[in-house]
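Got your viewer open? Load the model shown here, switch to cartoon view, and let's walk through it one selection at a time.

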Amino acid sequence: MAAAEPAVPALPSGGGLGAPSGTVPVLFCFSVFARPSAVPHGAGYELLIQKFLSLYGDQIDMHRKFVMQLFAEEWGQYVDLPKGFTVSERCKVRLVPLQIQLTTLGNLTPSSTVFFCCDMQERFRPAIKYFGDIISVGQRLLQGARILGIPVIVTEQYPKGLGSTVQEIDLAGVKLVLPKTKFSMVLPEVEAALAEIPGVRSVVLFGVETHVCIQQTALELVGRGIEVHIVADATSSRSMMDRMFALERLARTGIIVTTSEAVLLQLVADKDHPKFKEIQNLIKASAPESGLLSKV
């Protein structure tokens, strides 16, 4: 989902009433619904968007474009949210879908793509279905990222208990390796790292588990307006049922479910690309099917 933030003058600040200390009551309106909540004093556009997603996430079409509006007493109607607006007093905001639906085309270019490698850790080895295949394809993707100069962000779920990334995965040259306890990879440090990379439009996501960390990461990224490509042959779960239902759910959401070879060839796009031969060498042997064909 992407929401527009128009450039209009900021509103004057005021005091907030009727909410716990340090917070301000806000009425969040979407479609025919209106749900009261509260946000920290001084909350801005991003926090308001996050609150809308937490209140209405299942009802918001992530691939529509939206505008956020504020109810203005002086006009007796909603106006587009002022640029730089922060919540300082009780107010009412709404999220309005624009009429034009954004089409997810799924184009990938190295200059606007980041790879996310999620929780490929030693303690998962005996539990994850086809984990050896997933490691093999994950390593192929990381080699491709190095060849094409694509930034890579890696997370490790509670490494104290679950161990580090498996030795077969070569982390040389990755932008960030980050421990986490949250299931989603979308942590403040990851968001900061993405902000440092100009023009990021797409994330190629792989790792474990499909129905937990991969799914939650993908949904959060889409909620921030980033197109997500999940590499089906480089992600798995402890059960094939969880894996396949998660991939189906994500595809229905508009997230692109693809394969490692499709990703790598889309990134080079042309036989005359200077790195094509190196990518071709990576994919000469077909990637293992990791149980996917048995479910087709």
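We'll start with a sheet, move to a helix lying across it, and then look at some charged pairs. Keep in mind that this is a predicted model.

**Stop 1: the sheet.** Select strands S7 to S12 and you have an open sheet of six strands, with parallel pairing. Going across, the order is S9-S8-S7-S10-S11-S12. At the edges sit S9 (176-180) and S12 (256-258), each pairing on one side only. Rotate the view to look for the twist, which averages 25 degrees from one strand to the next.

**Stop 2: the S12 edge.** Now select S11 (residues 227-236) together with S12. These two run parallel and pair over three bridges. Which residue stands opposite Thr258 in S12? Click on Val231 to find out: that's the one.

**Stop 3: a helix across the sheet.** Add H5 (residues 210-223). This helix lies across S7 (113-118), S8 (152-157), S9, S10 (202-208) and S11. Relative to S10, H5 runs at about 165 degrees.

**Stop 4: salt bridges.** Switch on side chains. The whole structure holds twelve salt bridges; here are a few to try.

- Select Asp119 and Lys180. Their closest N and O atoms are 2.9 Å apart. Asp119 is in the loop between S7 and H2 (131-148), while Lys180 is in S9, 61 residues apart. Buried or exposed: what is Asp119? With a relative accessibility of 1%, Asp119 counts as buried, and Lys180, at 5%, counts as buried too.
- Select Arg125 and Glu168. Here the closest N and O atoms are 2.9 Å apart. Arg125 lies in the loop between S7 and H2 and Glu168 in the loop between H3 (159-162) and S9, so this salt bridge ties together parts that are 43 residues apart in sequence. Try a surface view: Arg125 is partly exposed at 31% relative accessible area, and Glu168 is partly exposed at 37%.
- Select Lys175 and Glu196. This salt bridge has its closest N and O atoms 3.4 Å apart. Lys175 is in the loop between H3 and S9, and Glu196 is in the loop between H4 (188-195) and S10, 21 residues apart. Lys175 is partly exposed, at 38%, whereas Glu196 counts as exposed, at 58%.

**Last stop: a network.** Finish by selecting Lys182, Glu191, Glu220 and Arg224. Salt bridges link these four residues in a network.

Notes
Residues are numbered from 1 along each chain as its sequence is written. This is a predicted model: local features need pLDDT of at least 70, side-chain atom pairs count only at pLDDT 80 or more; totals for chains, interfaces and linings use all residues. Side-chain values use heavy atoms; hydrogens and water are left out. Two strands pair if DSSP finds at least two bridges between them. Helices (H or I, at least four residues) and strands (E, at least two) are DSSP runs, numbered from the N terminus. Axes are lines fitted to C-alpha atoms, for helices over the stretch in contact, and angles run from 0 to 180 degrees between N-to-C directions. Contact means heavy atoms within 4.5 Å. A salt bridge is a side-chain nitrogen of Lys or Arg within 4 Å of a carboxyl oxygen of Asp or Glu. Buried means under 20% relative accessible area, exposed over 50%, partly exposed in between (1.4 Å probe, protein chains only).
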